[in-house]
Amino acid sequence: RRRVLEASQQLTEIINSETSAKSPEPSGEAEMVDEEEESALHCLWVDKFTPRRYMELLSDDYTNRCLLKWLKLWDTVVFGKEKAVKKAKPSAEAHPPFNQPKEQQSKWKTKAQLTEEILEAELDQHKRPKYKVALLCGPPGLGKTTLAHVIAKHAGYNAVEMNASDDRSPEVFRTRIEAATQMRSVLGANEKPNCLIIDEIDGAPAASINVLLNIIHRKDAEGDTGGGAGRRRRREGGLLLRPIICICNDQ
């Protein structure tokens with residue numbers, strides 16, 4: 001084994017010396033190529049082959065579609081897009097399949113149809129979806145964090161990740177959530193809105209979970225009865241207007 005390694009090392013050195021003698025390159029370009037090769041060599045496979053786009057995801061397609069559908073429900077309040085209304089298909093209703101009676105069609109529905117009906121529920125008064133937070137559960141290495149980042153990018157968001165088990169203080173937890181969901185980037189005119197991804201939410205203390213619940217259930221009631229500009233500003237800033245995706249191993 002040692003002899004083979006020494007022989008391969010000698011061959012590699014000979015080949016490298018011959019190629020460098022045949023095709024001399026400018027020093028600047030050579031340095032850039034070497035840096036790229038070195039970074040590629042030391043890059044972990046999980047980073048090198050991680051999915052970058054929605055079509056590259058290997059996770060469960062049903063889960064991917066549900067999460068994307070839920071994230072697109074925020075388009076009205078985040079991007080100002082009106083919700084697309086689905087047109088009914090009269091032909092399918094008028095001519096049902098022969099192997100299924102009408103009563104059974106209306107009674108039995110697939111898991112996908114039920115989930116779509118739940119997700120397509122009416123938006124609230126602020127045009128937000130009924131469920132403000134998505135929770136991804138599963139064992140480590142399943143691709144939950146990758147799924148959240150890819151879906152957020154695909155839907156037009158800037159993914160902001162925080163670890164719930166790192167920020168043990170409820171005040172720090174509150175500050176980080178409010179900063180990610182209310183403040184926007186000022187670097188450039190076409191900045192993307194944030195989508196907050198909270199990893200290891202099962203490792204957060206109960207006080208931090210209560211902080212998150214208070215932010216989710218915060219109403220727009222405070223300041224409705226008159227008041228100045230300061231109260232109106234406080235009211236607008238307090239409402240959750242950005243999606244939050246939580247990730248945990250133990251549901």
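**View 1. Four strands line up in an open sheet.** In this predicted model, four strands form an open sheet in the order 1-4-3-2, and their pairing is parallel. Where does the sheet end on either side? Look for the edge strands, strand 1 (133–137) and strand 2 (158–163), each of which pairs on one side only. As you step from one strand to the next, the twist averages 20°.

**View 2. Strand 2 meets strand 3.** Here we move to the pairing of strand 2 with strand 3 (residues 194–199). The two run parallel and are joined by six bridges. To get your bearings, find Asn158, then look across to strand 3 for Asn194, its bridge partner.

**View 3. Helix 4 packs on the sheet.** Which strands does helix 4 touch? This helix, residues 61–72, packs on the sheet and touches strand 1, strand 3 and strand 4 (244–248). Compare the direction of helix 4 with that of strand 1, and you will find an angle of about 165° between them.

**View 4. Stepping back to the whole chain.** How many helices accompany the four strands in the protein chain? There are 12 helices. The protein chain has 251 residues, and buried residues make up 27% of them. On the outside, the chain exposes about 18000 Å², with carbon and sulfur atoms supplying 55% of that area. Contacts also link distant parts of the sequence: among contacts in the protein chain with a separation of 6 or more, 79% come from residues 24 or more positions apart.

Definitions and conventions. Residues are numbered from 1 along each chain as its sequence is written. This is a predicted model: local features need pLDDT of at least 70, side-chain atom pairs count only at pLDDT 80 or more; totals for chains, interfaces and linings use all residues. Side-chain values use heavy atoms; hydrogens and water are left out. Two strands pair if DSSP finds at least two bridges between them. Axes are lines fitted to C-alpha atoms, for helices over the stretch in contact, and angles run from 0 to 180 degrees between N-to-C directions. Contact means heavy atoms within 4.5 Å. Buried means under 20% relative accessible area, exposed over 50%, partly exposed in between (1.4 Å probe, protein chains only). Accessible areas come from the Shrake-Rupley method with a 1.4 Å probe; for residues, only the protein chains shown count as cover.
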